[in-house]
Amino acid sequence: MKLSPHFYLSEFTQSQTATRLMLDNTPGRAEIAALKLLCEKVLEPVRENYGRPVTISSGYRSPAVNRALRGSRDSQHTKGEAADFEIAGISNLRICQWMERRLNYDQLILEFYEPGVAASGWVHVSYREPFRNAERTARRVVRNGRRTTEYLEGIVG
């Protein structure tokens, strides 16, 4: 199923965890509608700006998959409102800075980016309607060589 000109539902539902544990990762109608909005309002503009494929590393997560991953109980991934992604050859910091200036979103998080390592980490973005977007920007960091879930406000390299 095509969600938008450059994105397919299968990109958001593929999950090694679901496959390995034989868990159903099929979204319902509401989650598919939310994924379409995420694509149209956020991911398509990113794709168009950079002219390169956007690689989704985590999209929709069924409640069972989310539990297996020890995700947050209220994760927007379970609602079809969030995706983690990268663009080959483009710094995740640069992507976040562009998005922060130009797009509406609920959360924009630069996950585990290491300054000076362009390909480190990934981008987490969420979008939801009716439009309640908080436009919260943050970053999760690496401290002393270890990933630490420490949210710092703002996108800073």
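The side chains of Gln 76 and Asp 106 are joined by a polar contact of 3.1 Å, in what is a predicted model. Gln 76 is a good residue to start from. It belongs to the loop that runs between helix 4 (63–68) and strand 4 (82–86). Is Gln 76 buried or exposed? With a relative accessible area of 10%, Gln 76 is buried, because the cut-off for that label is under 20%.

Which residues surround this glutamine? Setting aside neighbours within four places in sequence, Gln 76 is in contact with Glu 81, Ala 82, Asp 106, Gln 107, Ser 126 and Arg 128. Asp 106 therefore appears twice in this picture, as a contact of Gln 76 and as its polar partner, since the 3.1 Å between the side chains is within the 3.5 Å limit for a polar contact.

Now let's turn to helix 5, which covers residues 92–102. At its N-terminal end, Ser 91 acts as a cap, with a side-chain oxygen 3.2 Å from the backbone nitrogen of Leu 93. Leu 93 is itself buried, and so are Asn 92, Ile 95, Cys 96, Trp 98 and Met 99 of this helix. What do these buried residues pack against? Their partners are helix 3, strand 4, strand 5 (107–111) and strand 6 (122–126).

The pairing with helix 3 (residues 29–50) deserves a closer look. The two helices pack at an angle of about 115 degrees, and their axes are 11 Å apart. Their crossing is right-handed. On the helix 3 side, the meeting residues are Val 42, Pro 45, Val 46, Asn 49 and Tyr 50, while helix 5 brings Arg 94, Ile 95, Trp 98 and Met 99. Sorted by class, this contact has 7 nonpolar, 1 polar and 1 charged residues. Ile 95, Trp 98 and Met 99, which meet helix 3, are also among the buried residues of helix 5.

Here are the two short atom-to-atom distances side by side:

| Pair | Atoms | Distance |
|---|---|---|
| Gln 76 and Asp 106 | side chain to side chain | 3.1 Å |
| Ser 91 and Leu 93 | side-chain oxygen to backbone nitrogen | 3.2 Å |

Finally, the chain as a whole. It has 5 helices and 8 strands, which follow the pattern β-β-α-α-α-β-α-β-α-β-β-β-β along the sequence. Of its 157 residues, 48% count as buried. The chain exposes about 8,500 Å², with carbon and sulfur atoms supplying 47% of that area. Among contacts with a separation of 6 or more, 65% come from residues 24 or more positions apart.

Methods
Residues numbered from 1 in each chain as written. Predicted model: local features only at pLDDT ≥ 70, side-chain atom pairs only at ≥ 80, totals over all residues. Heavy atoms only, no water. Axes fitted to C-alpha atoms, helices over the stretch in contact; angles between N-to-C directions. Helix = DSSP H or I, 4+ residues; strand = E, 2+ residues; numbered from the N terminus. Left-handed = near helix turned anticlockwise from the far one by under 90°. Contact = heavy atoms within 4.5 Å. Nonpolar A, V, L, I, M, F, W, Y, C, P; charged D, E, K, R; others polar. Buried < 20%, exposed > 50% of the residue type's maximum accessible area, 1.4 Å probe, protein only. Polar contact = N/O pair within 3.5 Å; in protein donor to acceptor, adjacent residues only side chain to side chain. Areas by Shrake-Rupley, 256 points an atom, 1.4 Å probe, with all protein chains shown as cover.
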